[in-house]
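Subject: A structure to look through

Dear colleague,

I am passing on the structure that we spoke about, and I would be glad if you read the notes beneath it with the model open beside you.

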Amino acid sequence: MLFVLLDFSPIKPDFGLFFWTALIFLIFWLMMGKLAFGPIKDALKKRENDIQDALDESKKAREEMSNMKSENAKLMAEANAERSKLLQEAKEMKNSIINEAKDKAKEEANKIVANAKVEIDNQRKAAVTDIKNQAGVMAIEIAEQLLKKNLKGDAEQEGLVNTLVDKFNLN
Amino acid sequence: MIRLAAIFSLIFCVAFSLSAQHNHHGHDHSGHDHSGHNHAGHDHSGHDHSAHADHSGHAHGADGDHGGCGHYGDFDVAETAMHHISDANVYSIGPLQIPLPIMLKSDDGWELGMSSKFKPDLLGHGDGHVGHNRYVLHGGIVKRIADASFPMGEFNVVGFKHDKLEIDGKEKDVTYVCTGDAMHLLEQKSTFDGGLFGGGMSSYKDFSLTKNVTSMLIVCLFLFWIFRRAAKAYKKQDGKAPKGLQGMLETFVVFIRDEVAIPFLGNKWEKYFTFLLSVFFFILGLNLYGQVPFFGGSNVTGNLAVTMVLALLTFIITNVSGNAHYWKHLLVAPGVPFFVKLIIIPVELMGIFIKPLTLMLRLFANITAGHIVMVVFIGFIFIFGKSGESLAGASGAAVGSTLLTMFMMAIELIVALVQAFVFTILTASYLGAATEEAHH
């Protein structure tokens, strides 16, 4: 009865309002889509992509960092090993050098000693030769003197000379 | 803010004093006895309903004053409510009647101009004192004298009279216009409900920029303005966090995207996103606009023509974008036993039309109901105040109805959001069903 008794006009669709609503809504949809909702949608998408990218990037950076860290540790360990190796080598080298030097020194010393020995020997030989020569000269002188003084008995003289010579030879 | 508050309180004061005044006027009017224009006059006017009429038999006995052209009787809350939710050719804020452009099409051509050409009082009920080419302005709405033989051109309007008339066995509420010498039956603008809701074709169609159209333009321009600003803000502060208006609107946009578009439409959401957003904000904006006090309380989304356009667009877009899978399911219903098919296919076919029809009616009914309840609650003041006779009743009801109205307004705010959301999410679900890929 309500519809009949009263003018319940909103339920009666009229041409004008239908036409204007359709026109206004379609223009609204078009304009908003082109100039407002579209750009907002794209901007939101872009921002979300940016955020995702940033997150991904930071994750990647973190991973890289941790990679780098472990690599650093590895490098450090390697360096440490290298260092100790180097130290070890250096030590060894030092020892070998020292030993070598020692050996060389010993050798040298021995050589010197040997040389000295040879020299001494030579000197001694020279000295002996010298003595011999001097003994010869002395013998000659002695002989001279003996000859000068006691040229009386040959046998005696001869015996004397022989004893003298033997004496020299014994040396 | 202070200036705004000052303006509001000024408007409120003016509206209050004027409404008190005009109530008084109303009584004067009802007291008027245009006894010269009695029912016998109807027959003289020669309108085509005369066959039905021994009008005196239908004279409504509620109050004898109705005999003449006095247009306002006792306060009738239902009538007031119906008037407030109607579309109109004036934009009325309280008693202030702002004229709007009219574009009326009849067989006699276009009637153009402003509704002020009917010379209604600037502060009043929107009843024109002058008619033009059979058109008159009654209650802010253009109506036309049904009698085709009525002479063209300008004529004086003395008053209007409501009566009941039996047409095809149904009692109908009709209005007559007094032109000084006779009373003439008025007809309303053409509607295309085919008589289903009491309307039908008449001698003219109203293509005016009515109150609803004006409200729609205001809301659309406002929405465009704020969203354009937000869209520009994205460009201006690219790479920065949103702020202010942009941040507020983004909440809604992201909500519709994440809760409506993507869940129902999957990877095709972008194609329909602007439509969903447009529907959502168009409905939400108009729902809320109708609730702003002192803005005319336009009942736009509570008008069937408006919801029909939106539902029709949903219907068209859904069925145009329906893929083979959708149509196959509708028309063949694969994997269903034959005797079930006999039931299910007609039901599915009806569903194509029922879905948009429910969309149309749900929004219309919810918003209209909200507006009616609001007017009725405020109407309590006049009912209990006996249209100004009982100050105690009026003031008592004023307290109660203020509380009730505030409560209703809070609920209506939720309804405004919920109905916009429901319309959008259902549209998305219909679109989702129509575009879903076969995967089972």
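What follows goes through some paired strands and then a contact between two domains.

Please keep in mind throughout that this is a predicted model.

In chain B, strand β9 (residues 159–167) and strand β10 (residues 170–178) run antiparallel and are joined by 9 bridges, and within this pairing B:Asp163 stands opposite B:Val174 of β10(B). The hairpin that these strands form has 2 residues between them, and in this hairpin B:Asp168 takes a positive phi near 50°.

β10(B) also pairs in the antiparallel sense with strand β11 (residues 183–187) of chain B, here over 3 bridges, and if you look for B:Tyr176, you will find that its bridge partner in β11(B) is B:Leu185. In the hairpin of β10(B) and β11(B), where 4 residues lie between the strands, B:Gly180 has a positive phi near 105°.

Turning to the domains, chain B is divided into domain 1, which covers 34–205, and domain 2, which covers 213–435. The contact between them takes 12 residues from domain 1 of chain B and 16 residues from domain 2 of chain B. On the side of domain 1 that touches domain 2, α4 (77–85) and β1 (90–93) of chain B each supply at least two residues, and the largest share, 5 residues, comes from α4(B). Sorted by class, that side of domain 1 of chain B has 7 nonpolar, 3 polar and 2 charged residues.

With best wishes

Terms used. Residues are numbered from 1 along each chain as its sequence is written. Chains are lettered from A and ligands numbered from 1 in the order in which they are written. This is a predicted model: local features need pLDDT of at least 70, side-chain atom pairs count only at pLDDT 80 or more; totals for chains, interfaces and linings use all residues. Two strands pair if DSSP finds at least two bridges between them. Domain bounds come from an automatic or database domain assignment. Two residues are in contact if their C-beta atoms, placed from the backbone, lie within 7 Å. Ala, Val, Leu, Ile, Met, Phe, Trp, Tyr, Cys and Pro count as nonpolar, Asp, Glu, Lys and Arg as charged, and the others, Gly among them, as polar.
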